[in-house]
Amino acid sequence: MSDCLFCQIVQKHIPAKIVYEDDRTVAFDDINPQAPVHTLIIPKQHVAAVQDVNDQDSSLIAHLLMTCTKVAKLKGLAQSGYRIVTNTGRDAGQTVFHLHLHVLGGRHLSWPPG
Ligand code: AMP
Ligand code: ZN
């Protein structure tokens, strides 16, 4: 979608600090990091949120999670640990309506989230 911020990042029309990319996903550092490592993993195809992935595209979810583990390894978090989060809808505070998984790490993360 041309008016979608993350589609613009996929198309390289808006700059981002890309840390990993493959045929289906892009990973880039969050512009407003909430932890020493805060990277977003997105599908190249526009999907608004995780609940909008079709049954035919369910392998995309696995691919996104595998990309998260690759990014965590690249960022040196595999031993210390990290959190994978996807905010969905208003109550979760989703602000960008292009599916994204947050990978957060590099400090102790409290639980439960607020
Ligand atoms: P959410 O609130 O889960 O929808 O997360 C959206 C995330 O996108 C927030 O953590 C923002 O800081 C991040 N964000 C917004 N614009 C950009 C951008 N241009 N580049 C990187 N991250 C961004
Ligand atoms: Zn989009």
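Buried residues have under 20% relative accessible area, exposed ones over 50%, and partly exposed ones fall in between (1.4 Å probe, protein chains only). By that rule Cys7, at 3% relative accessibility, counts as buried. The views below show a predicted model, in which local features need pLDDT of at least 70 and side-chain atom pairs count only at pLDDT 80 or more, while totals for chains, interfaces and linings use all residues. Residues are numbered from 1 along each chain as its sequence is written, chains are lettered from A and ligands numbered from 1 in the order in which they are written, and side-chain values use heavy atoms, with hydrogens and water left out.

**View 1. The zinc ion (ligand 2) and its protein donors.** Welcome to the metal site. Cys4 and Cys7 each offer SG, and His46 and His98 each offer ND1, at 2.0 to 2.3 Å from the zinc ion (ligand 2). Donors here are N, O and S atoms within 2.8 Å of the metal (3.2 Å for Na, K and Ca); water is not among the atoms, so sites may look incomplete. The angles among the four donor atoms run from 106 to 117°, and the site is tetrahedral. Four donors earn that word if all angles lie between 85 and 135 degrees. For reference, the ideal angle for four tetrahedral donors is 109.5 degrees.

**View 2. How the zinc donors are spread along the chain.** The spacing of the donors reads C-x2-C-x38-H-x51-H. His46 sits in the loop between β3 (37–43) and α2 (59–74), and His98 in the loop between β4 (82–85) and β5 (101–105), so this pair ties together parts that are 52 residues apart in sequence. Element names follow DSSP runs numbered from the N terminus: helices are H or I with at least four residues, strands E with at least two. Which of these donors is partly exposed, at 26% relative accessibility? That is His46. His98, in contrast, is buried at 0%, and Cys4 is buried at 7%. As for cysteine pairing, the structure holds zero disulfides, a disulfide being a pair of cysteine sulfur atoms within 2.5 Å.

**View 3. The aromatic pair of Phe6 and Phe28.** A search of the whole structure finds one aromatic pair. Phe6 and Phe28 meet edge-to-face, with 5.3 Å from centre to centre and 80° between the planes. Rings of Phe, Tyr and Trp (its six-membered ring) pair if their centres lie within 6.5 Å; planes under 30 degrees apart are stacked, over 60 edge-to-face and the rest tilted. Phe6 belongs to helix α1 (residues 5–10) and Phe28 to strand β2 (residues 25–29), so the pair ties together parts that are 22 residues apart in sequence. Both Phe6 and Phe28 are buried.

**View 4. A network of salt bridges through Lys12, Glu21 and Lys44.** A salt bridge is a side-chain nitrogen of Lys or Arg within 4 Å of a carboxyl oxygen of Asp or Glu, and by this rule the count comes to five. Glu21 meets Lys12 at 3.1 Å, N to O. Glu21 also forms a salt bridge with Lys44, with the closest N and O atoms 3.0 Å apart. That second pair links distant parts of the chain, 23 residues apart: Lys44 is in the loop between β3 and α2, and Glu21 in strand β1 (residues 18–21). Glu21 is partly exposed, at 35% relative accessible area, as is Lys44 at 27%. Lys12 is found in the loop between α1 and β1. Its backbone deserves a look too: phi of Lys12 is near 65°, a positive value in a residue other than glycine.

**View 5. The salt bridge of Asp91 and Arg90.** The closest N and O atoms of Asp91 and Arg90 are 3.8 Å apart. Asp91 is exposed, with a relative accessible area of 77%, and Arg90 is exposed at 75%.

**View 6. The largest nonpolar core.** This core has 15 residues, and those with the most contacts inside it are Ile41, Leu64, Leu99 and Leu101. A nonpolar core is a set of buried Ala, Val, Leu, Ile, Met, Phe, Trp, Tyr and Cys residues joined through side-chain atoms within 4.5 Å. The elements that give two or more residues to this core are β3, α2 and β5. Of these, α2 gives the most, with five residues.

**View 7. The cis peptide bond between Trp111 and Pro112.** Omega is about 0° at this bond. Pro112 is found in the segment after β5.

Technical notes: Four donors count as tetrahedral if all angles lie between 85 and 135 degrees; four count as square planar and six as octahedral if opposite donors are over 155 degrees apart and all others between 65 and 115; anything else is irregular.
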